[in-house]
Amino acid sequence: MKIAILGKPFDDASLPFVQNLLDDLASRQTDILVVKSFHDYLTQRLNLPAGVSTFTRDDSLRGVQFVLSIGGDGTLLDTVTYVGSLQIPILGIHTGRLGFLATVTPDRIAQAMDALFKGHFVLEDRSLIRVETDPDAFGGINFGLNEFSILKRDTSSMIVVHTYIDGEYLNSYWADGLVVATPTGSTGYSLSCGGPVMLPQTNNFIIAPVCPHNLNVRPIIVSDRSVISFEIEGRSNQFLLSLDSRSVAVDAGVQIAVRRESFSVRLVKFNHVNFLSTLRSKLNWGLDRRNPAGIPV
């Protein structure tokens, strides 16, 4: 089996678990590839098995069976940009803070690897959002798993985002910005803006204003088969566009449209983990002393 690994620095408590992971993969005769920046970090802290090779963003991962993301949810979002349209299954190992997407904790890595090699898992497809701008703002990596945001820069006054769905005028949002979230991103930035939580298989986008000036403006759910386009006005000559964890400043007058990407992300899920259990454990969903003790929260 050929497995690629991406990751970010982690605390010392996770060191033995990551070392055991690498040793376990080596003992299974796995062809291990580690992204160059993370390889340099691991070399200083762990004993890497012989034969581990490196790759960079410019290298293709074609032929890789699985990609392991070691870090937090931000690391997994970055991993998605490496995989792209190859749709290689991604397993998130949580060494960060929240771990909503990266659900395998360090103490369960051994069990997860055993289940992975035995095929005791399911693949969960998650939709992506695609952003098209003229001129190109994201260097060709114009898709994301969570959300796309239009935001004011620094401490400038609010902006006006004229929004259209399939060419039909929806609304002009006077706000600090606007978020368009996927179902996966419904538990992220959109949620903090008052947006609803959507199940991962829901075929919709959420449009949620950020700190709107008009309090009667609320988040709205639209079909992800729609094309959503924007025109931006404001006193500043530049605005901020954000796609998951990547942000760029653009000049006023840039043309922007979003739609559902033609390919999806495939996440590896094990039997004990699903979206509803993650809601309860990570967001304390339904935490109430009146709930039956037999229902995990």
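**Entry 1: helix α3**

How many of the 11 residues of helix α3 (residues 73-83) are buried? Before answering, I noted for myself that I am reading a predicted model. I then went along the helix and found that nine of its 11 residues are buried, so that α3 is mostly covered. The buried ones that I listed are Asp73, Thr75, Leu76, Leu77, Thr79, Val80, Thr81, Tyr82 and Val83. Looking at what comes after the helix, I saw that α3 is followed by Gly84, which has a positive phi near 55 degrees.

**Entry 2: the sheet of six strands**

Next I looked up an open sheet of six strands, whose order I wrote down as β14-β13-β12-β9-β16-β17, with antiparallel pairing. The edges are held by β14 (220-223) and β17 (246-251), and because each of them has a single partner strand, one side of each is left without a neighbour in the sheet. I also noted that neighbouring strands here are turned by 20 degrees against each other on average, direction ignored. As a reminder to myself, strands of a sheet pair through backbone hydrogen bonds, either parallel or antiparallel.

I then followed one pairing in detail, that of strand β13 (residues 204-210) with β14, which is antiparallel and runs over four bridges. Within this region I found Ile206 standing opposite Ile221 of β14.

**Entry 3: β19, β6 and helix α6**

Is β19 (265-269) largely enclosed or largely open? I counted four of its five residues as buried, so the strand is largely enclosed by the rest of the structure. Its pairing with β6 (122-126) is antiparallel, and five bridges join the two strands. One place I checked was Glu124, whose bridge partner in β19 is Leu267.

In the loop between β18 (255-260) and β19 I came to Ser264. Its relative accessibility is 13%, and because buried means under 20%, Ser264 counts as buried. Leaving out residues up to four places away in sequence, I found that Ser264 touches Gln87, Asp125, Arg126, Ser127 and Leu128.

I then turned to helix α6 (residues 275-282), where the buried residues are Phe275, Ser277, Thr278 and Leu279. These buried residues of α6 pack against β6, the strand that β19 is joined to by bridges. Just after α6 I noted Asn284, which takes a positive phi of about 55 degrees.

**Entry 4: enclosed spaces**

I looked for empty space inside the model and found two cavities of 30 Å³ or more. Which residues line the largest cavity? I wrote down Phe100, Leu101, Glu124, Arg126, Lys269, Asn274, Phe275 and Thr278. The space in this cavity is about 60 Å³, and both β6 and α6 supply at least two residues of its lining. Sorted by class, this lining has three nonpolar, two polar and three charged residues.

The second largest cavity has a volume of about 30 Å³. I recorded its lining as Leu76, Ile90, Leu91, Gly92, Leu101, Ala102, Thr103, Leu267, Val268 and Lys269. Here β5 (90-94) and β19 each give at least two residues. The classes I noted for this lining are seven nonpolar, two polar and one charged.

**Entry 5: backbone details in loops**

For the last entry I kept in mind that most residues other than glycine have a negative phi, and most peptide bonds are trans. With that as a guide, I went through some places that depart from it.

Where does Pro135 lie? I placed Pro135 in the loop between β7 (129-134) and β8 (143-144), and I noted that the peptide bond from Asp134 to Pro135 is cis, with omega near 5 degrees.

Gln29 has a positive phi of about 60 degrees, although it is not a glycine, and I located Gln29 in the loop between α1 (15-27) and β2 (31-35). With a relative accessibility of 66%, Gln29 counts as exposed.

Cys211 also is not a glycine, and has a positive phi of about 50 degrees. I found Cys211 in the loop between β13 and β14, the two strands I had followed in the sheet with four bridges between them. At 56% relative accessibility, Cys211 counts as exposed.

How values were computed:
Residues numbered from 1 in each chain as written. Predicted model: local features only at pLDDT ≥ 70, side-chain atom pairs only at ≥ 80, totals over all residues. Heavy atoms only, no water. Pairing = 2+ DSSP bridges. Axes fitted to C-alpha atoms, helices over the stretch in contact; angles between N-to-C directions. Buried < 20%, exposed > 50% of the residue type's maximum accessible area, 1.4 Å probe, protein only. Contact = heavy atoms within 4.5 Å. 1 Å grid on protein atoms, 1.4 Å probe; cavity = no way out; pocket = protein on both sides within 12 Å on 5 of 7 lines; lining within 4 Å. Points joined across faces, edges and corners; volume = space filled by probe spheres on them. Nonpolar A, V, L, I, M, F, W, Y, C, P; charged D, E, K, R; others polar.
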